[in-house]
Amino acid sequence: MVVTRSRVVSGMAALLAAGLVLFLWPREEPGVKDAVTRRIIAMTRSAEEKDVGGVMEGVSERFKTTDGWSRQDVHRILAAQVLRGQWVRIFTTDIQVHEVTPTQADFEARFIFGRSQADKLEDLARDSVLNAYSIEGVFEKEADGEWRVMKAKQRRLDPSELL
């Protein structure tokens, strides 16, 4: 078989077409539970990286807490806590997400803040000062297609509740 210029060009065009089809093939959108869980984890990582803006991307402009805090209040408190560098590690445990509708989900998660370089939750208690909170709330899928927290309430956890 003789390799000609036209065969090489045809082969490359076929490979390009196949790659384009794979790239443009519709991807299935994650379910509500997966989408909200991913958002919670992304917000936690942003907080750990001291990226307040990254955390606030997951908080709706319409956000309210049961204590009456607005999005701006949460932003100020979060900036003070995260940027002063007191908490180094943040672990999220016991994430529970319940789909209410295709655009709304209730959630509950525990967030454990530690002043430590520990990589695992088990190591955190050994050499760290801890604070832990249980946060319950509601995520909604907004008009731009992003999942954001709409409502939340927090409760400080006693160390005995972490075991």
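**Notebook: core, surface patch and a strand residue**

I began with valine 36 and looked up its neighbours beyond four places in sequence, finding that it touches Val97, Ala105, Phe139 and Trp147. I note here that I am working from a predicted model.

I then asked which residues have the most contacts inside the largest nonpolar core, and found Val36, Phe139 and Val149 in this set of 25 residues. Looking up which elements supply at least two residues each to this core, I listed helix H2 (32-48), helix H3 (52-56) and helix H4 (71-83), together with strand S1 (59-65), strand S2 (89-101), strand S3 (104-114) and strand S5 (147-156). Of the contributors, H2 gives the most, with six residues. For context, I recall that in soluble globular proteins nonpolar side chains tend to be buried together.

Next I turned to the surface, where Val3, Val8 and Met12 make a nonpolar patch of about 310 Å². Valine 8 of this patch lies in helix H1 (residues 5-24), and I recorded it as partly exposed because its relative accessibility is 40%, which falls between the limits of 20% for buried and 50% for exposed.

My last entry concerns aspartate 94, which I located in strand S2. Is aspartate 94 buried or partly exposed? With a relative accessible area of 46%, aspartate 94 is partly exposed. I also checked its partners beyond four places in sequence, and aspartate 94 touches Glu108, Ala109 and Arg110. For the pair aspartate 94 and alanine 109, I noted a C-alpha to C-alpha distance of 5.4 Å, although the two are 15 residues apart in sequence.

Technical notes:
Residues are numbered from 1 along each chain as its sequence is written. This is a predicted model: local features need pLDDT of at least 70, side-chain atom pairs count only at pLDDT 80 or more; totals for chains, interfaces and linings use all residues. Side-chain values use heavy atoms; hydrogens and water are left out. A nonpolar core is a set of buried Ala, Val, Leu, Ile, Met, Phe, Trp, Tyr and Cys residues joined through side-chain atoms within 4.5 Å. Buried means under 20% relative accessible area, exposed over 50%, partly exposed in between (1.4 Å probe, protein chains only). Helices (H or I, at least four residues) and strands (E, at least two) are DSSP runs, numbered from the N terminus. Contact means heavy atoms within 4.5 Å. Patches are made of residues with over 30% relative accessible area and no salt bridge: like charges are joined within 9 Å, nonpolar side chains (Val, Leu, Ile, Met, Phe, Trp, Tyr) within 5 Å. Accessible areas come from the Shrake-Rupley method with a 1.4 Å probe; for residues, only the protein chains shown count as cover. A salt bridge is a side-chain nitrogen of Lys or Arg within 4 Å of a carboxyl oxygen of Asp or Glu.
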